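Let's take a walk through this structure, stopping at a few local details along the way. Keep the viewer open and turn to each spot as it comes up.

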Amino acid sequence: MWRRSEEMPTDVWMSLLLVWITSLPYVSTIPVGGGDAAAGPGEGQRLLSRAKRGWVWNQMFVLEEFSGPDPILVGRLHTDLDVGGKRIKYVLAGEGAGTIFAINELTGDIHAMKRLDREEKAEYTLTAQVINADTDEPLEPPSEFIIKVQDINDNPPQFIEGPYRAAVAEMSAVGTPVTRVTATDADDPVYGNSAKLVYSILEGQPYFSVDPNSATIKIALHGMDREMREEYLVVIQAKDMGGHMGGLSGTTTVTVTLTDINDNPPKFSKSLYEFVIRENLPVGQTGGKVKANDRDVGENAKSTYNIIEGDEQGVFEIATDPQTQEGILRLKKALDFESRRTYTLKVEATNVQSEPGGGAGGPFKDTATVKIVVEDADEPPVFSKAVYTLEVNENAPVNTVIGTVGARDPDSSGSQVRYFIDRHTDLERQFNINVDDGKITLAKPLDRETDMWHNITVTATEVRNHSQISRAVVAIRVMDINDNAPEFATEYEAFLCENGKPGQVIQTVSAVDRDDPIQGHYFEYRLVPEMLNNPNFTIKNNQDNSISVLAKHDTFRRQKQEMYFLPIVVTDNGNPPMSSTNTLTIRVCGCSKDGIVQSCNVEAYVLPIGLSMGALIAILACIILLLVIVVLFVTLRRHKNEPLIIKDDEDVRENIIRYDDEGGGEEDTEAFDIATLQNPDGVNGYLPRKDIKPDLQFMPRAGHHSGPNGVDVDEFINVRLHEADNDPTAPPYDSIQIYGYEGRGSVAGSLSSLETASSDSDQNYDYLREWGPRFRRLGELYSVGESDRET
């Protein structure tokens, strides 16, 4: 028997006891064989037996979250093979075997070794088997059973989606649903009331209520006005165990916002508005602002404004500012202090959207009075017309009065007005205006054919206030007179075929006239008097302001006369009529049988039969092109055969490069250092002139024999020196004088022969041979020269 622990609660103890009673194992003995079990087998009968069911047990349960000092007994396994003296052993396998559940191998008792949580795992499937304790051989096949974890109320309800936000229209009726909340409980909803939830409201009364089963939040108070309070906080509780004592609970918050409806009309902040507007305020500008306030928000607070009284002439208009919801009062017409000085308007503000049943009732509009006082202002002069149209003949003389403009000062003081022409619109100063009476006169002659219209601007200025200026446009139309003679529409050049027939139309001639008479143009054509009896051509009137020139015979020949000139007089129908003489040029050409012009030059007769001038030009161009190609080919071949290397020995000397600068001796450590290379002899007062030719003339050596290689170096040097001294284009001195000093301390001394003329010519150059192979050639040359002199 179990022994009750003193610390175990009564309800837990009763639950365990119930589980233990229902899970007591029992042994079921099944008789072997069929028919009557008491009757023995007869003779000749076969003994039939039915296999017994070794061991069975009921489904087992274990209470979750049990934390007693000892492992909790889940149940006991038993088999009918477990008889005295037979050694058997119970083996447990499956989910949690050996870790969560342990079995007594001898008695078959199953204990829960750990604290179990149904919310983590609700049941365990295990396998039991009976084996021989000595040989570990199975005595029966394994059997599967389930251990279920029995739930206790250990999880409180939770609002997974909380906290909540909801909205409902203001002034909603009682019972109007607002929103619905949902709580979940992790306990077993099938076993007991651990997961049965009941909802209640902890905060938010008396404004809202909640359905205990569906958790629907509803309006509980009538007339909830957003303008009084817009937001409410509601606390909802969910409690399990059906809401009874001992149940667990969870809470959440619901923020309920009342949405606006149009239940408030617009209301002007003042019943009377007064504005002072100057009479010179431009049309379309703002004269004042009014404002009707609305306690609603959004679209429900928008209002429109209208003028319902006091503006019969339509001087004002009022519009709604979409940003500030103000009524903007503007001018539709200009104000005039002298004609009317005050206005009294009645303005109405109306909601764009109206919900009369929203609660407040009544009309959703309000009215206010607007009083406007017109303030006098110094206005500019006013012209009698905004645009003046005047006319003048193009032959009108200078100072002719074209027309008059007029302006007046609208102010009560009535200042005098001065008139001027805006010279930006009359750059050529063709018009003048009288500053006192506004008469416009002609300053220069006009030509309609140059400009038909002249648009000028006239300004009117008050005498007492020059800043008050007004403007008017004066359009002056120049009227036409017949002052232009008609002339040919273009420079005609007619072509006449040699084989043409008499009466053939050579050319159709029309005329143009720069004038624009009201009745239109009509031109009369005739030949000049001396050509009336022209034997070659005549003219025919086409009755459409054009004529046709006709040939009188067919004996025209280019050899006889290549070109004819036909003067024609054109006269218009103006008053007085104007005329001009125009000459038509007619060329005689050779034509085909079909009358198509082929050539109009006399030179065509000298061309070969069947070839035209264009064909001959093409042939000549081809010949010239061939000649150019041949010349280029020969030139390229000649350049290709020229040798690239000069083999003439005489020209080798031309490749000698002369250097005018000599280097210093061993003391010359810095190239081209003038200070170091300064001739110390110059200290004695002798410095060579660099701007004149030296007076000292060096005499050439007398030797003329060639060297070992057949090159007469001495003669070559003397010839070149003589050419340099007598060359008028060469510098007047040798530039080697820049480095006249070659240094001291050299064993070889100076190698230059330029100063040998000042010394004895009996110099011995044998020492050059002792300097090595580099100076051997130089020694041979000078030795040869010395031997020649001695000879």
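Asparagine 545 is a good place to start: it sits in the loop between strand S36 (537–541) and S37. A word on the labels: helices (H or I, at least four residues) and strands (E, at least two) are DSSP runs, numbered from the N terminus. This is a predicted model, in which local features need pLDDT of at least 70 and side-chain atom pairs count only at pLDDT 80 or more, while totals for chains, interfaces and linings use all residues. Residues are numbered from 1 along each chain as its sequence is written, and side-chain values use heavy atoms, with hydrogens and water left out.

Back to asparagine 545: its phi is near 65 degrees, a positive value in a residue other than glycine. Its relative accessibility is 22%, so it counts as partly exposed (buried means under 20% relative accessible area, exposed over 50%, partly exposed in between, with a 1.4 Å probe and protein chains only). Methionine 171 tells a similar tale, with a positive phi of about 60 degrees although it isn't a glycine. You'll find methionine 171 in the loop between S8 and strand S9 (177–180), and it is partly exposed too, at a relative accessible area of 29%. For context, most residues other than glycine have a negative phi, and most peptide bonds are trans.

That brings us to the cis bonds. One joins glycine 162 and proline 163, with omega about -5 degrees; proline 163 belongs to the loop between strand S7 (143–150) and strand S8 (164–169). Another cis peptide bond links asparagine 575 to proline 576, again with omega about -5 degrees, and proline 576 lies in the loop between S38 and S39.

S38 and S39 turn up again in the largest nonpolar core, being among the elements that give two or more residues to it. (Such a core is a set of buried Ala, Val, Leu, Ile, Met, Phe, Trp, Tyr and Cys residues joined through side-chain atoms within 4.5 Å.) It has 25 residues, and Phe537, Val549, Leu566, Ile568, Leu584 and Ile586 touch the most other members. S38 gives the most, with five residues.

Now for the sheets. Four strands form an open one in the order S1-S7-S6-S3, with mixed pairing; two strands pair if DSSP finds at least two bridges between them. At the edges are strand S1 (60–63) and strand S3 (88–94), each pairing on one side only. S3 and strand S6 (residues 123–132) run antiparallel over seven bridges, and glycine 94 stands opposite leucine 126 in S6.

Elsewhere, strand S5 (residues 109–112) pairs with strand S2 (residues 72–76) in the antiparallel sense over four bridges, with leucine 73 opposite histidine 111. S5 also pairs antiparallel with strand S4 (residues 101–103), over three bridges, and here phenylalanine 101 faces alanine 112. The hairpin of S4 and S5 has five residues between the strands, and glycine 108 takes a positive phi near 85 degrees there.

Last stop: helix H2 (residues 613–641), home of leucine 632. Leu632 joins Leu620, Ile624 and Val628 in a nonpolar surface patch with about 370 Å² of accessible area together.

Key: Patch = residues over 30% accessible without salt bridge, like charges linked within 9 Å, V, L, I, M, F, W, Y side chains within 5 Å. Areas by Shrake-Rupley, 256 points an atom, 1.4 Å probe, with all protein chains shown as cover. Salt bridge = Lys/Arg side-chain N within 4 Å of Asp/Glu carboxyl O.
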